[in-house]
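Work through the three exercises below with the structure open. Each task is followed by its solution.

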Amino acid sequence: MSLAGHGRYPYSPIEDRSAGEWPGGRRLAVYIALNVEVFAFGEGLGAELAPGGPQPDVLNYAWRDYGNRVGVWRLLEEFYRLELPVTVLANAAAYDECPAVMEAFRRRGDEVVGHGRTNSERQGMHDEAGERALIAETTDVIARAEGRRPQGWLGPWISQSRHTPDLLAEAGYGYLLDWCHDDQPVRMATRGGGGILSVPYPQELNDIPAVIARKVEGRAFAEMIVDGFDEQLAQATRQPLVFGIALHPYIVGQPHRLRPLRQALEHIAAHRDQVWLCHAGEIARHWTRSDS
């Protein structure tokens with residue numbers, strides 16, 4: 001049977017892989033991915049709290065804007081209190097639109113991952129030249145602001161073209177987060193004999209699919225996080241695994257969702273002696289060294 005494929009990686013059952021470990025002998029690597037996103041007013045894409053009307057869609061634009069004005073600061077308090085590292089998935093335009101947010105995470109020493117120019121556009125809709133320009137522009141903005149190039153990438157709206165892994169590898173990226181096909185990092189082939197690492201990114205423990213698409217509310221989402229964490233902690237006795245949580249300040253930064261999320265984060269932090277709390281880039285670097 002002939003089936004169209006991507007040719008990026010072969011099939012590999014997790015039970016057949018040799019066991020290893022994360023630093024300090026830990027078996028579960030845990031990272032928090034915080035999406036810092038900005039949106040054009042009156043045009044383009046954007047998550048919706050309620051069905052949007054004609055542009056300008058003030059209801060949904062203002063709801064999203066709450067995240068960078070209020071929600072992110074409430075989350076930041078929890079990250080400090082619980083001493084949790086954060087991987088910031090940043091739109092390049094955030095440096096102009098909400099510079100104080102990016103400065104706050106820079107002071108913490110958190111990693112910044114490239115997340116396109118804005119979340120008003122879908123990366124995979126561009127032709128190859130346009131996508132290459134999007135990656136280059138985003139990379140340059142982050143590098144100038146942070147003093148170093150980002151090593152990881154997540155496309156806005158997790159949108160890829162058939163060339164995205166190739167373009168990212170050619171632009172010097174070491175890993176991407178768009179694929180959610182495994183609980184361990186996976187080496188992906190790119191054109192010209194190159195490669196790029198795929199680090200697992202959560203599509204279910206992610207407040208956009210859960211709260212916006214599936215209408216799961218805050219307490220149920222927090223329970224999903226705790227259940228997923230506890231189950232993977234148990235599974236990790238067999239092989240090293242990655243556990244990620246994807247958050248958006250305009251969703252979980254809302255007070256009624258923040259309260260149950262706080263409890264889920266406290267649960268994870270209480271297990272810090274058993275897991276590796278880290279940035280996504282640390283996962284990529286450790287896996288690459290161990291795999292070479």
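A residue is buried under 20% relative accessible area, exposed over 50%, and partly exposed in between. The model is predicted.

**Exercise 1.** Classify Cys 180 and Cys 278 by accessibility, then determine how many disulfides there are.

Solution.
- Step 1: Cys 180 has a relative accessible area of 46%, so Cys 180 is partly exposed.
- Step 2: Cys 278 is at 1% relative accessibility and therefore counts as buried.
- Step 3: A disulfide needs two cysteine sulfur atoms within 2.5 Å.
- Step 4: For the sulfur of Cys 180, the closest cysteine sulfur is that of Cys 278, 19 Å away, which is too far for a bond. Cys 278 is likewise in no disulfide.
- Result: the count is zero disulfides.

**Exercise 2.** Describe how helix H7 (residues 218-235) and helix H9 (residues 255-269) pack.

Solution.
- Step 1: The angle between H7 and H9 is about 10°, and their axes are 8 Å apart.
- Step 2: Angles under 35 degrees count as roughly parallel, so H7 and H9 are roughly parallel to each other.
- Step 3: The crossing of H7 past H9 is right-handed.
- Step 4: Residues of H7 that meet H9 include Ile 225, Val 226 and Phe 229; on the H9 side, Leu 261, Ala 264 and Ile 268 are among them.
- Step 5: The residues of this contact comprise eight nonpolar, three polar and three charged.

**Exercise 3.** Locate Thr 139 and decide whether Thr 139 is buried or exposed.

Solution.
- Step 1: Thr 139 lies in helix H4 (residues 128-146).
- Step 2: Its relative accessibility is 3%, so Thr 139 counts as buried.
- Step 3: Leaving aside residues up to four places away in sequence, Thr 139 touches Arg 149, Pro 150 and Tyr 173.

How values were computed: Residues numbered from 1 in each chain as written. Predicted model: local features only at pLDDT ≥ 70, side-chain atom pairs only at ≥ 80, totals over all residues. Heavy atoms only, no water. Axes fitted to C-alpha atoms, helices over the stretch in contact; angles between N-to-C directions. Helix = DSSP H or I, 4+ residues; strand = E, 2+ residues; numbered from the N terminus. Parallel < 35°, antiparallel > 145°, perpendicular 65-115°, else oblique. Left-handed = near helix turned anticlockwise from the far one by under 90°. Contact = heavy atoms within 4.5 Å. Nonpolar A, V, L, I, M, F, W, Y, C, P; charged D, E, K, R; others polar. Buried < 20%, exposed > 50% of the residue type's maximum accessible area, 1.4 Å probe, protein only.
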